[in-house]
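Here is a short briefing on a protein–DNA model. Read it with the structure open.

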There are 2 protein chains.
Amino acid sequence: MNDKHISPAEREVMRVVWSTHPITSKDIFEVLKDKTEWKMATTKTLIGRLVKKGVLTTEAVGRRFEYSPAVTEEETIKESSNDLLNQICTKKVGETIYMMLEDSTVSVDDLKALERLIQKKKQTAPKVVACDCVIGQCTCE
Amino acid sequence: MNDKHISPAEREVMRVVWSTHPITSKDIFEVLKDKTEWKMATTKTLIGRLVKKGVLTTEAVGRRFEYSPAVTEEETIKESSNDLLNQICTKKVGETIYMMLEDSTVSVDDLKALERLIQKKKQTAPKVVACDCVIGQCTCE
DNA sequence: CCTTGTCGTTTACACCTGTAAACATTACTT
DNA sequence: AAGTAATGTTTACAGGTGTAAACGACAAGG
């Protein structure tokens with residue numbers, strides 16, 4: 001099924017492919033070798049796993065392959081974000097996003113976009129978010 | 001070292017302990033058993049790992065233990081958030097936070113707090129965030 | 001044609017994670 | 001005092017992850 005989970009090491013490979021595709025394993029390795037210090041073999045393993053999972057597509061060019069992404073970076077980031085936010089009480093999601101923004105450097109335009117989003121969300125935002133935790137698993141009670 | 005990484009299953013246990021402490025393994029199990037369907041044995045294993053990692057402290061009460069957290073939930077959420085955001089181009093952090101907010105339900109007060117934070121951040125926000133990616137790993141170039 | 005390099009595939013292996021049974025010890029019950 | 005229940009500790013085991021060597025097949029060079 002939707003077993004498209006991408007590990008951190010695999011994501012390094014994907015980022016290269018998202019940036020440039022189609023691309024050969026050699027070229028992926030060239031981009032990553034300084035950053036990661038991986039051996040070619042390591043890159044090959046990760047590519048293999050990504051292909052098997054179906055998040056990389058291959059196109060045969062002669063005897064070799066060229067790789068392209070089968071999922072977008074956004075999709076996968078969204079998935080990872082959900083994995084994170086689903087681990088905390090719905091009531092704490094707001095604070096969590098706050099902390100993230102607080103600790104991040106974002107551009108003026110990003111801030112403006114966020115501002116607009118906030119204006120829009122204000123129209124439908126609840127006074128208080130319902131806590132959906134099991135009793136005993138958070139302090140909202 | 002600072003090897004305080006908490007896995008999703010371990011976090012389930014921590015959330016119970018953050019909510020109520022000191023607490024016994026029995027009571028942790030009681031809170032989780034409906035949600036997770038874990039056997040007592042599973043809970044015990046996770047508690048053991050958390051204690052070994054030093055994120056749970058124990059206090060002997062007679063022959064038994066009572067557990068308390070040695071780290072705050074905030075700390076651990078911050079760590080997980082960083083793990084996520086560090087996997088994407090600095091330039092895309094803004095959009096990522098945007099997506100998260102877009103997909104989340106947050107309260108009016110949360111939105112107000114975010115608004116204030118944005119006002120504050122606007123004073124020092126760069127026109128454009130510098131991309132720190134390795135060349136070939138993102139499309140900012 | 002034989003050698004060598006290249007690239008995909010297989011195999012390797014240790015550590016982490018989810019899930020749990022088995023075991024040891026002690027406290028409680030009869 | 002002996003059996004039983006509760007609880008911490010050990011052991012188990014499959015699947016994921018990071019890291020990489022070994023293998024096999026083909027292409028290019030000599």
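Ala, Val, Leu, Ile, Met, Phe, Trp, Tyr, Cys and Pro count as nonpolar; Asp, Glu, Lys and Arg count as charged; the others, Gly among them, count as polar. By that scheme, the surface near DNA strand D has six nonpolar, five polar and eight charged residues. The model is predicted. The points below take each DNA strand in turn, then the protein interface, then one residue in a helix.

**DNA strand D**

- Around DNA strand D there are 19 residues, and those that come nearest are Ser7(A), Trp38(A), Thr45(A), Ser25(B) and Arg64(B).
- Of the strand D atoms that come within 4 Å of the protein, 58% are accounted for by sugar and phosphate.
- Thr45(A) reaches a base: an N or O atom in its side chain is 2.5 Å from a base nitrogen of DNA strand D.
- Arg49(A) also has a base partner, with a polar side-chain atom 2.9 Å from a base nitrogen of DNA strand D.
- For Thr42(A), the partner is a phosphate oxygen of DNA strand D, 3.1 Å from an N or O atom of the side chain.
- Two or more residues of this surface come from each of α1 (8-19) and α3 of chain A, and from each of α2, α3 and β2 (64-69) of chain B.
- The largest share, five residues, comes from α3(A).

**DNA strand C**

- DNA strand C has 19 residues around it, of which Ser25(A), Arg64(A), Ser7(B), Trp38(B) and Thr45(B) come nearest.
- Sugar or phosphate makes up 57% of the strand C atoms within 4 Å of the protein, and the rest belong to bases.
- On the phosphate side, an N or O atom in the side chain of Ser7(B) is 2.5 Å from a phosphate oxygen of DNA strand C.
- Lys39(B) uses its backbone: an N or O atom there lies 3.4 Å from a phosphate oxygen of DNA strand C.
- On the base side, a polar side-chain atom of Lys44(A) lies 3.1 Å from a base oxygen of DNA strand C.
- At least two residues of the surface come from each of α2 (25-36), α3 (40-53) and β2 (64-69) of chain A, and from each of α1 (8-19) and α3 (40-53) of chain B.
- With five residues, α3(B) gives the most to this surface.
- By class, the surface near DNA strand C has six nonpolar, five polar and eight charged residues.

**Interface of chains A and B**

- Chain B and chain A bury about 6,000 Å² between them, with 64% of that on carbon and sulfur atoms.
- In chain B, Arg15(B), Gln87(B) and Gln137(B) lose the most area to chain A, together 12% of what that side buries.
- The contact takes 62 residues from chain A and 63 residues from chain B.
- Six salt bridges are found across the interface.
- One of them joins Asp103(A) to Lys78(B), with the closest N and O atoms 3.6 Å apart.
- Between the chains, 26 residue pairs are in polar contact.
- On the side of chain B that touches chain A, the largest share, 12 residues, comes from α6(B).
- That side of chain B has 30 nonpolar, 15 polar and 18 charged residues.

**Thr43(B)**

- Thr43(B) is found in helix α3 of chain B.
- Is Thr43(B) buried or exposed? Thr43(B) counts as buried, because its relative accessibility is 0% and the cut-off for buried is under 20%.
- Beyond its neighbours within four places in sequence, Thr43(B) is in contact with Ile28(B), Phe29(B) and Trp38(B).

Notes:
Residues numbered from 1 in each chain as written. Chains lettered and ligands numbered in written order. Predicted model: local features only at pLDDT ≥ 70, side-chain atom pairs only at ≥ 80, totals over all residues. Heavy atoms only, no water. Near = heavy atom within 4 Å. Polar contact = N/O pair within 3.5 Å; in protein donor to acceptor, adjacent residues only side chain to side chain. Helix = DSSP H or I, 4+ residues; strand = E, 2+ residues; numbered from the N terminus. Contact = heavy atoms within 4.5 Å. Buried area = accessible area lost by both parts, 1.4 Å probe. Salt bridge = Lys/Arg side-chain N within 4 Å of Asp/Glu carboxyl O. Buried < 20%, exposed > 50% of the residue type's maximum accessible area, 1.4 Å probe, protein only.
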